[in-house]
Amino acid sequence: MKTGDLKERVFSVEDLETWQAARRLVNAIYVLTRLSKVSGDFRLCGQMQAAAVSIMSNIAEGFERTHLQEKIQFYNVARGSAGEVRSLLYVISDNFTDATAEAERLRDEVTRVGKLVTGLLNSTVRRRGIAARGIVALLSTISYLLTSICSHLR
């Protein structure tokens, strides 16, 4: 999908480039955590898998929300989970030399996913401003109409 076509073609969360990138990251994290030495650290693997899944899941949940403030909250959680995955990849690099190269590659990938989530978040924040201006315009119109009606009743 081309970036210019994004607004026209996003019908479901599966259409979002951000969600697709998060899904690829989850799969890569699962592959990494199955490596022989890394797989023995059950707590680290479980935490990393959960944080990666959280990115993907929170993007999906935010996308499905209709209230803009809720969308923003879920996208913020996804961005925080991206930071957690990036941090955990340093733990792997520092403690499992056989996985260092892959952990470094995945840090670049999770950074890219984090930037995509930030773009989604910023887009949603801008829409919140548009919605607020729309409400103000609507309330102004209603106020004007009520004033006009009241003045005719006198």
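Trainee: Thr124 has its place in helix H6, and what makes Thr124 count as buried?

Mentor: This is a predicted model, in which local features need pLDDT of at least 70 and side-chain atom pairs count only at pLDDT 80 or more, while totals for chains, interfaces and linings use all residues. Residues are numbered from 1 along each chain as its sequence is written, and side-chain values use heavy atoms, with hydrogens and water left out. Buried means under 20% relative accessible area, exposed over 50% and partly exposed in between (1.4 Å probe, protein chains only); Thr124 has 1% relative accessibility, so the label is buried. Once neighbours within four places in sequence are set aside, Thr124 is in contact (heavy atoms within 4.5 Å) with Leu68, Lys71, Ile72 and Tyr75.

Trainee: Why is Leu153, which also belongs to helix H6, called exposed?

Mentor: Leu153 has a relative accessibility of 69%, and because that value is over the cut-off for exposed, the name follows. Leu153 also joins Ile142, Leu145, Leu146 and Ile149 in a nonpolar surface patch of about 500 Å². Patches take residues with over 30% relative accessible area and no salt bridge, like charges being joined within 9 Å and nonpolar side chains (Val, Leu, Ile, Met, Phe, Trp, Tyr) within 5 Å.

Trainee: How many helices and strands does the protein chain have, and in what order do the elements run?

Mentor: The protein chain has six helices and zero strands, and from the N terminus the order is α-α-α-α-α-α. Helices (H or I, at least four residues) and strands (E, at least two) are DSSP runs, numbered from the N terminus. Of the contacts in this chain with a separation of 6 or more, 68% are between residues 24 or more positions apart.

Trainee: How do you know that the span of helix H2 agrees with its number of residues?

Mentor: The expected span is 1.5 Å times one less than the number of residues; for the 16 residues of H2 (residues 17-32) this gives 22 Å, and because the end C-alpha atoms are 22 Å apart, the two agree. Along H2, the buried residues are Thr18, Trp19, Ala21, Ala22, Leu25, Val26, Ala28, Ile29 and Leu32.

Trainee: What makes a set of residues the largest nonpolar core in this model?

Mentor: A nonpolar core is a set of buried Ala, Val, Leu, Ile, Met, Phe, Trp, Tyr and Cys residues joined through side-chain atoms within 4.5 Å. The largest such set has 37 residues, and those with the most contacts inside it are Ile29, Ile55, Ile59, Val85, Leu89 and Ile92. H2, helix H4 (42-64), helix H5 (68-95) and H6 each supply at least two residues of this core. Ile55, for its part, touches Ala22, Leu25, Ala78, Ser81, Ala82, Val85, Val110 and Val113, leaving aside neighbours within four places in sequence.

Trainee: Why is the pairing of Arg112 and Glu17 called a salt bridge?

Mentor: A salt bridge is a side-chain nitrogen of Lys or Arg within 4 Å of a carboxyl oxygen of Asp or Glu, and Arg112 and Glu17 have an N to O distance of 2.9 Å. This pair links distant parts of the chain, since Arg112 is in helix H6 and Glu17 in helix H2, 95 residues apart. Both partners are partly exposed, Arg112 with a relative accessible area of 39% and Glu17 at 35%. The structure holds five salt bridges.

Trainee: What separates Glu102 from Arg105 in helix H6, and what separates Glu109 from Arg105?

Mentor: Glu102 and Arg105 are three residues apart, and so about one helical turn separates them; Glu109 and Arg105 are four residues apart, again about one helical turn. In general, an α-helix has 3.6 residues a turn, so residues three or four places apart point the same way. Glu102 and Arg105 form a salt bridge with their closest N and O atoms 2.8 Å apart, whereas Glu109 and Arg105 meet at 3.1 Å, N to O. Elsewhere, salt bridges that share partners join Glu61, Arg65 and Glu70 into one network.

Trainee: Which of the labels buried or exposed fits Glu109?

Mentor: Glu109 is buried, because its relative accessible area is 18%. By contrast, Glu102 is partly exposed at 26%, and Arg105 is partly exposed at 40%.

Terms used. Accessible areas come from the Shrake-Rupley method with a 1.4 Å probe; for residues, only the protein chains shown count as cover.
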